[in-house]
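Thanks for sharing this one with me. Here are my notes, point by point, to read beside the model.

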Amino acid sequence: MTATGTHPTTSPRAEFPTLGLLPRADTQAGDFVRKHPTYDGRGTVVAILDTGIDPGAKGLQLTSDGKRKVLDFVDCTGSGDVALSSPLKCSADADLELKGLSGRTIKLNPEWRNPSAEWRVGAKRLYDIAPPQVKQSVQAERKDRFTTHAQLLADSISARLVESKKNTKPEDEARLELDAQAGVLASLAESYADQGPYFDCVVFHDGEQWRAAIDTAESGDLSEAPALGAYKLTGDVGQLCKRQLLYYTLNFYDDARTLSIVTSAGSHSTHVAGIVAANHPDEPQNNGVAPGAQLLSLLIGDHRVGSLESGVGLTRAANAIVEHRADLANMSFGEPTATSNVGQWVQLVRSEVVARHRCIFVSSAGNEGPALTTVGAPGGTTDGIIGVGAYVGYEQIKADHAMYDTVKDTIFTWCSRGPTADGALGVDIYAPGSAIASYPAYTQQRLHLANGTSMSSPNLCGCLALLV
């Protein structure tokens with residue numbers, strides 16, 4: 001205590017260390033953009049191989065020069081595919097009505113332009129394409145409605161049973177029926193299983209391009225619904241769940257024999273994309289490293305297997321990188337491996353994506369440290385791919401970890417280390433391994449703090465986008 005009997009106090013900081021929210025000072029990327037404001041990634045395309053960017057995320061709508069931020073959303077896994085019927089025509093006695101695969105009669109929008117008068121139909125379950133957080137929310141709402149309705153029925157039957165017992169004998173037919181109904185309700189409650197919403201899809205050609213409408217209300221009434229085109233051509237974005245803020249985009253394949261409903265399989269990709277290139281005009285402190293860059297969302301996290309990647313999905317992603325002529329690619333995904341430079345997909349990336357098409361490929365080294373030889377594939381074990389480790393710097397320590405007294409810049413303890421099993425370095429470079437960045441709308445968070453080499457890899461990728 002001081003002589004006056006009070007505790008000594010420390011002067012508060014003048015302002016929050018916003019530069020560390022998404023670290024750019026430690027890499028000097030922030031200074032570079034301030035000195036060269038038009039060299040902020042403009043004209044650069046960065047492919048994000050991950051769980052799929054959320055089309056509704058803040059900061060991922062426009063570039064710093066007003067272009068569409070995401071060039072295309074591609075489901076490389078096929079988990080959002082909808083097999084469509086052969087072309088159908090509305091029956092003569094039912095103007096603009098079709099029979100959907102759900103069994104519902106679908107009323108079509110008379111404003112839709114369809115010169116051929118041919119329609120294709122399909123159907124998709126929401127739970128097959130919803131990220132876990134949305135699925136859990138919808139399940140809880142539906143179960144609550146079921147339980148409430150079942151309880152009302154049970155209360156009604158119980159009241160009638162009480163009245164019946166006063167006036168009838170146990171063998172009375174009406175009384176036996178009420179007993180049976182009560183038993184059935186109890187059995188249904190115990191065996192409750194929710195298959196989720198089942199959406200009818202209608203696809204047609206408007207004379208210029210394919211379009212589709214999805215009956216997200218499960219009402220069969222599409223008479224006032226919009227028909228969306230492929231996002232790459234139109235920029236159209238729709239909502240599968242309004243309450244849960246789940247957005248989607250569309251693609252059409254095989255001459256519209258297949259409709260692809262593209263949604264996010266998790267929050268990871270949106271956060272990674274925000275680190276690379278988020279643009280917040282009114283909150284520049286939340287910008288990504290290269291706010292002028294455009295993105296290509298490549299969903300490799302398959303909805304059907306808990307957002308894990310598959311060989312098919314990875315191969316399609318490599319093809320999409322080439323097709324869209326991406327300048328850089330970031331993959332904050334990885335798996336442990338005992339061998340380096342092995343595998344069909346690894347060879348495809350090295351020979352075609354990197355060597356032939358000159359795409360700079362960046363990937364996380366892994367979070368299995370601090371032991372040696374813990375780097376994962378592909379980031380830490382593949383020649384031609386830049387493997388990125390994670391460090392924590394001065395600005396991060398203040399902003400992301402709320403430490404008043406900072407420590408020296410250091411590698412995060414959990415960051416994977418080299419060398420690889422064959423003696424290669426493993427980690428090629430280190431970058432800031434934490435960030436507060438964009439997050440999917442369905443999480444009801446604008447921004448989120450996360451740590452990992454999944455964060456350091458896109459930080460480096462953003463830095464490279466400033467220089468390409």
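**Notes on the predicted model**

1. Let me start with a salt bridge. Aspartate 302 pairs with arginine 304 in a salt bridge, and their closest N and O atoms are 2.9 Å apart. Aspartate 302 counts as buried because its relative accessibility is 5%, under the 20% cut-off. Arginine 304, in contrast, is exposed, with a relative accessible area of 55%. There is also a network here: salt bridges that share partners join Arg104, Asp200 and Asp215.

2. Some context for the whole chain, which is a predicted model. The chain has 468 residues, and 50% of them count as buried. Nine helices and 20 strands are found in the chain. Taken along the principal axes, the C-alpha atoms fill a box of roughly 85 × 75 × 45 Å.

3. Back to the charged pairs. The count of salt bridges comes to 14. One of them joins the side chains of arginine 142 and aspartate 194, at 3.1 Å from N to O. Arginine 142 belongs to helix α2 and aspartate 194 to the loop between α3 and β7 (198-205), so this salt bridge ties together parts that are 52 residues apart in sequence. Arginine 142 is partly exposed, at 22% relative accessible area, whereas aspartate 194 counts as buried, at 18% relative accessibility. Both values sit on either side of the 20% cut-off for buried, so please read the two labels together with their percentages.

4. Another salt bridge brings together the side chains of lysine 232 and glutamate 323, at 3.9 Å from N to O. Distant parts of the chain are linked by this pair: lysine 232 is in helix α4 and glutamate 323 in helix α6, 91 residues apart. The N to O distance of 3.9 Å falls within the 4 Å limit that defines a salt bridge. Lysine 232 is partly exposed, with 41% relative accessible area, while glutamate 323 is exposed, with 56%.

5. Next, the pockets. How much space lies in the largest pocket? About 670 Å³. Its lining has 31 residues, and those nearest the centre are Thr216, Ala217, Gln239, Leu240 and Lys242. Helix α2 (132-167) and strands β8 (210-214) and β10 (238-241) each supply at least two lining residues. By class, the lining of the largest pocket holds 16 nonpolar, six polar and nine charged residues.

6. The second largest pocket has about 430 Å³ of space. It is lined by 20 residues, with Val74, Asn251, Phe252, Tyr253 and Glu323 closest to its centre. Glutamate 323 is thus a residue to look at twice, given its salt bridge with lysine 232. At least two lining residues come from each of β2 (70-75), α4 (231-234), β11 (246-253) and α6 (311-323), and α6 gives the largest share, four residues. The lining of the second largest pocket divides into eight nonpolar, five polar and seven charged residues.

7. On the surface, Phe146, Val184 and Leu188 make a nonpolar patch of about 250 Å². Leucine 188 sits in helix α3 (residues 173-190) and counts as partly exposed, at 45% relative accessibility.

8. Please check the backbone at a few places. Most residues other than glycine have a negative phi, and most peptide bonds are trans. The bond from glycine 369 to proline 370 is cis, with omega near 10°, and proline 370 lies in the loop between β15 (360-364) and β16 (385-392). A cis peptide bond also runs from glycine 418 to proline 419, with omega near -5°; proline 419 is placed in the loop between β17 (410-411) and β18 (429-432).

9. Two positive phi values belong in the same check. Aspartate 255, not a glycine, has a positive phi of about 55°, and its place is the loop between β11 and β12 (258-262). Glutamine 444 has a positive phi of about 60°, in the loop between β19 (434-438) and β20 (447-451). Glutamine 444 counts as exposed, at 66% relative accessibility.

10. One last contact. Threonine 105, in strand β5 (residues 105-107), is partly exposed, at 37% relative accessibility. The C-alpha atoms of threonine 105 and glycine 220 are separated by 5.7 Å, although the two residues are 115 apart along the chain.

Conventions
Residues numbered from 1 in each chain as written. Predicted model: local features only at pLDDT ≥ 70, side-chain atom pairs only at ≥ 80, totals over all residues. Heavy atoms only, no water. Patch = residues over 30% accessible without salt bridge, like charges linked within 9 Å, V, L, I, M, F, W, Y side chains within 5 Å. Areas by Shrake-Rupley, 256 points an atom, 1.4 Å probe, with all protein chains shown as cover. Buried < 20%, exposed > 50% of the residue type's maximum accessible area, 1.4 Å probe, protein only. 1 Å grid on protein atoms, 1.4 Å probe; cavity = no way out; pocket = protein on both sides within 12 Å on 5 of 7 lines; lining within 4 Å. Points joined across faces, edges and corners; volume = space filled by probe spheres on them. Nonpolar A, V, L, I, M, F, W, Y, C, P; charged D, E, K, R; others polar.
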